[in-house]
Amino acid sequence: MKRSCSQAGPTATGSTSLLDWGWNDTWADRAAELDGARGQPGRVVAQDRDRWSVQTAEGPVYARIVSGIQVPSAPVVGDWILVTPGPSASDPWTVTGLLPRISRLVRGAAGTGLEEQLLAANVDVVWVVHGLDAPINERRIERYLAVVWESGAVPELLLSKSDLSPDVDEAVAEAERVAVGVRVRTVSSVDADSVVRLRESTRAGTTVALVGPSGVGKSTLVNLLAPAANAATAAVRSKDHKGRHTTIRREIYRMEGGALLLDTPGIRELRLWSVDEGLDRAFPDIEELARGCRFRDCRHESEPGCAVVEAEAAGRVDADRVASYRKLRAEAEYQARKSDPVARKAALAEHKSAMKTMKYHQKYRREE
Ligand SMILES: Nc1nc2c(ncn2[C@@H]2O[C@H](COP(=O)(O)OP(=O)(O)OP(=O)(O)O)[C@@H](O)[C@H]2O)c(=O)[nH]1
Ligand SMILES: [Mg+2]
Ligand SMILES: [Zn+2]
């Protein structure tokens, strides 16, 4: 297994600066606004338990949280933090601050699902990867899109392993029916042009995360797009094309062309943790219909004058899709009812403020 700090540092990629890891004026402003916190900025590119791999202007360092120094929440991959040298030769750097996040990729933690698990921060685009060695799983795509929209990042659907699809056009058409308003593309590791097109669609300085089930080819793509990455990959099981959970941690790599790529472990279960804008953005067709409902707070279940139920009965909207929408909403609402109210309130407050800044950030990027 490779070590990110040695691979991603100056020796592997030539001299690096914070700009190479996505630093820009927004982050400089945020760092300047951090009252009282000392230290120099760096980006978390990987994490091993209680030790963070951080890229700073001086190169890669390892940092820990030291008791007595308050940090608002534990950093995750993608975070911009402040670090200072010390306290000892064996623990060479200390986390002293956390810059407010612009996006938060969150799920209900595995198991009970009642706590939020922050998977990554400050991601701009998420590639939701679906392997074409298996039939299109519409419900899974909807679930991923809802979670990603909720994060504040922009989802794009990557249909991978197109070389193994019996009918690529049909698969794309099926996926587009549920990925409403989302860019859908095919890619194959054995089709170099498809990989080049993917690379050319990214922008220097932006962070792109790959998410999806195990075995869909996330790390294979990372290795093609960021040749210094050398991420481990492994063949899927032949009987059912299931992956073997080869990638075991989240890690950011620098891509040719200047974007940052975040490889993630295959996801077994992706629970929607909150319903703010994510669900409506993943289901814009249902949101559009809902404008015709008699009651503004209609839940599209059995209320009179419900335009969604009417459209469903008339076959104008796919009943499975409406069921999927209701299921995701119920899931997030259940978690909201059952989870610790104090912890949830604090997490939601941070989440909402990140969403606001994401909007600012998008505007900022358009004006560039
Ligand atoms: N035929 C074909 N095989 C591919 C393609 N992309 C990946 N594979 C193979 O699929 C298997 C799984 O690829 P990985 O890159 O390890 O998948 P992953 O999504 O990173 O899996 P986890 O790390 O377990 O989440 C490997 O044997 C790859 O060689 C592709 O486009 N076409
Ligand atoms: Mg992998
Ligand atoms: Zn309704």
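In this predicted model, V128 touches nine positions listed here without those up to four places away in sequence: I141, Y144, L145, V148, P155, L157, L158, V211 and G212. V128 also ranks with L145, L261 and L262 as the residues with the most contacts inside the largest nonpolar core. That core has 83 residues. Helix α4, spanning residues 138-151, gives the most to it, with 7 residues. Both domain 1 (4-98) and domain 2 (102-282 + 318-368) give residues to this core, so it lies between them. In soluble globular proteins, nonpolar side chains tend to be buried together.

Two of the residues with the most core contacts, L261 and L262, belong to strand β13 (residues 260-263). Their side chains point opposite ways from the strand. L260 points the way of L262, and D263 the way of L261. All four are buried.

Strand β13 pairs with two other strands. With β11 (residues 207-211) the pairing is parallel and runs over 3 bridges. Within it, V208 has L261 as its bridge partner. V211, listed among the contacts of V128, also lies in β11.

With β12 (residues 251-254) the sense is antiparallel, over 4 bridges. Here R254 stands opposite L260. β12 and β13 form a hairpin, with 5 residues between the strands. In the turn, G257 has a positive phi of about 100°.

Note on methods. Residues numbered from 1 in each chain as written. Chains lettered and ligands numbered in written order. Predicted model: local features only at pLDDT ≥ 70, side-chain atom pairs only at ≥ 80, totals over all residues. Core = buried A, V, L, I, M, F, W, Y, C linked by C-beta atoms within 7 Å. Buried ≥ 20, exposed ≤ 12 C-beta atoms within 10 Å, placed from the backbone. Domains from an automatic or database assignment. Contact = placed C-beta atoms within 7 Å. Pairing = 2+ DSSP bridges.
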